[in-house]
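Dear colleague,

Please find below the structure I wish to hand over to you, together with its sequence. My findings follow directly after it.

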Amino acid sequence: MLAYFVRRVFAAIPVMIVVALFVFLLLRLTPGDPAAIIAGDMATPQQLADIREALGLNEPLYTQFVTWSTQLLTGDFGTSLISRTPVTTLIGQRLEPTVSLALLTITLTILISVPLGVLAAWKHGSWIDNLVTTASVVGFSIPVFVIGYILIQIFALELKLLPVQGFRSISEGVGPFLERAILPALTLASIYIALITRMTRAAMLDVLGEDYVRTARAKGLDENAVLFSHALRNAAVPILTVIGTGFALMISGVVVTESVFNIPGLGRLTVDAILARDYPVIQGLILLTSGIYVLVNLAIDLSYAFLDPRIRY
């Protein structure tokens, strides 16, 4: 297991290097001049040249990349071109809303989608199965921002049960946090509930016809024990893969949800940085989300040995 873990960690290093190089070149080669954004419309050519010189934008691309990469090795993501604030500070200020929203979303997703998928597989071919399958297709088809506006209209404007927008830290209390986070979490969870429900149903259908399930039923085990202790455990590998991948995607895909609900998280920071062509911030955010994605996939790979004893590394 240790050898496998070490191999996986070292295999992730080239991936991050390629991601860093791609992001650096992509941002530098696209049209736009951050110096012009910083200086404003009334800036003179000399002022623009001075800003480019101060920011190192006049250096060759390879020199800029080497300088930036060297800073990364020391944990320095650079400084924002607009606010002149360290990128790590900006990310740290916006990290809690995004991570807490993602954790609440994945919790709601698991609590709703896994039982629904098990139920649909157990009642395969019945009206319950058809209803769950149809709801999953509909939930996966509707854009996230549409679901967000529908929830705002119903629960915030019509029923006046929840606030329209904003964020409260969990340190201020679980109640205030949930009051403002439940609608964004349900909005973001809609797609993942549909996806994981369908995956759970498909994985359960594959194992419910196996001999060990029929044997468990023949021994007179309770149906809940058959479904959750035997069938779901053996169907957990593909389900866990989708859940883990979904969590990684949530961290990097909350831009629309945070914009709709005015949440000051990484999604809003990403939008602001892109509009301002703030290279260091964009690079730091992409590297952060890429690193989270790699770590989540590493955790999923390591969990396979515990879920399926037939797997050996």
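**Findings**

Over residues 99–122 the chain is 100% helix and 0% strand, and the C-alpha atoms at the two ends of this stretch are 34 Å apart. Residues 177–195 are likewise 100% helix and 0% strand, with the end C-alpha atoms 26 Å apart. Both stretches are among those that the UniProt annotation "transmembrane region" covers; that annotation comes from an unreviewed entry and also lists residues 9–27, 134–157, 237–261 and 281–307. Please bear in mind throughout that this is a predicted model.

**The chain as a whole**

The chain contains 14 helices and zero strands. Its pattern along the sequence is accordingly written α-α-α-α-α-α-α-α-α-α-α-α-α-α. Along the principal axes, the C-alpha trace spans about 85 × 55 × 35 Å. The chain has 313 residues, of which 39% count as buried.

With regard to contacts, those between residues at least 6 apart in sequence may be considered: 73% of them join residues at least 24 apart. The accessible surface comes to about 16600 Å², and 67% of this area belongs to carbon and sulfur atoms. The chain carries 20 positive and 21 negative charges, and the mean positions of these two sets are 8 Å apart.

**Salt bridges**

Side chains of opposite charge can pair when their charged atoms come close. With a cut-off of 4 Å between a side-chain nitrogen of Lys or Arg and a carboxyl oxygen of Asp or Glu, the count comes to four salt bridges. Three of them are described here, beginning with Asp129 and Arg201.

The side chains of Asp129 and Arg201 meet at 2.6 Å, N to O. This pair links distant parts of the chain, since Asp129 belongs to helix H6 (residues 127–141) and Arg201 to helix H8 (residues 174–208), 72 residues apart. Is Asp129 buried or exposed? Its relative accessible area is 2%, and buried means under 20%, so Asp129 counts as buried.

Another salt bridge joins Arg217 and Glu223, whose closest N and O atoms are 2.7 Å apart. Arg217 is partly exposed at 34% relative accessibility, and Glu223 is also partly exposed, at 22%.

Glu172 and Arg168 form a further salt bridge, with an N to O distance of 3.9 Å. Glu172 has a relative accessible area of 47% and is partly exposed; Arg168, at 34%, counts as partly exposed as well.

**Backbone points to note**

Which residues have a positive phi although they are not glycine? Arg84, with a phi of about 60°, is one of them. Arg84 is found in the loop between helix H4 (61–73) and helix H5 (87–122). The relative accessibility of Arg84 is 51%; exposed means over 50%, and therefore Arg84 counts as exposed.

Asn262 also has a positive phi, of about 55°, and is not a glycine. Asn262 lies in the loop between helix H12 (255–260) and helix H13 (266–276). With a relative accessible area of 33%, Asn262 is partly exposed.

Yours sincerely

Note on methods:
Residues numbered from 1 in each chain as written. Predicted model: local features only at pLDDT ≥ 70, side-chain atom pairs only at ≥ 80, totals over all residues. Heavy atoms only, no water. Helix = DSSP H or I, 4+ residues; strand = E, 2+ residues; numbered from the N terminus. Buried < 20%, exposed > 50% of the residue type's maximum accessible area, 1.4 Å probe, protein only. Contact = heavy atoms within 4.5 Å. Areas by Shrake-Rupley, 256 points an atom, 1.4 Å probe, with all protein chains shown as cover. Lys, Arg positive; Asp, Glu negative; His and termini not counted. Charge placed at Lys NZ, Arg CZ, Asp CG, Glu CD. UniProt positions renumbered as here; feature names shortened; annotations may be inferred.
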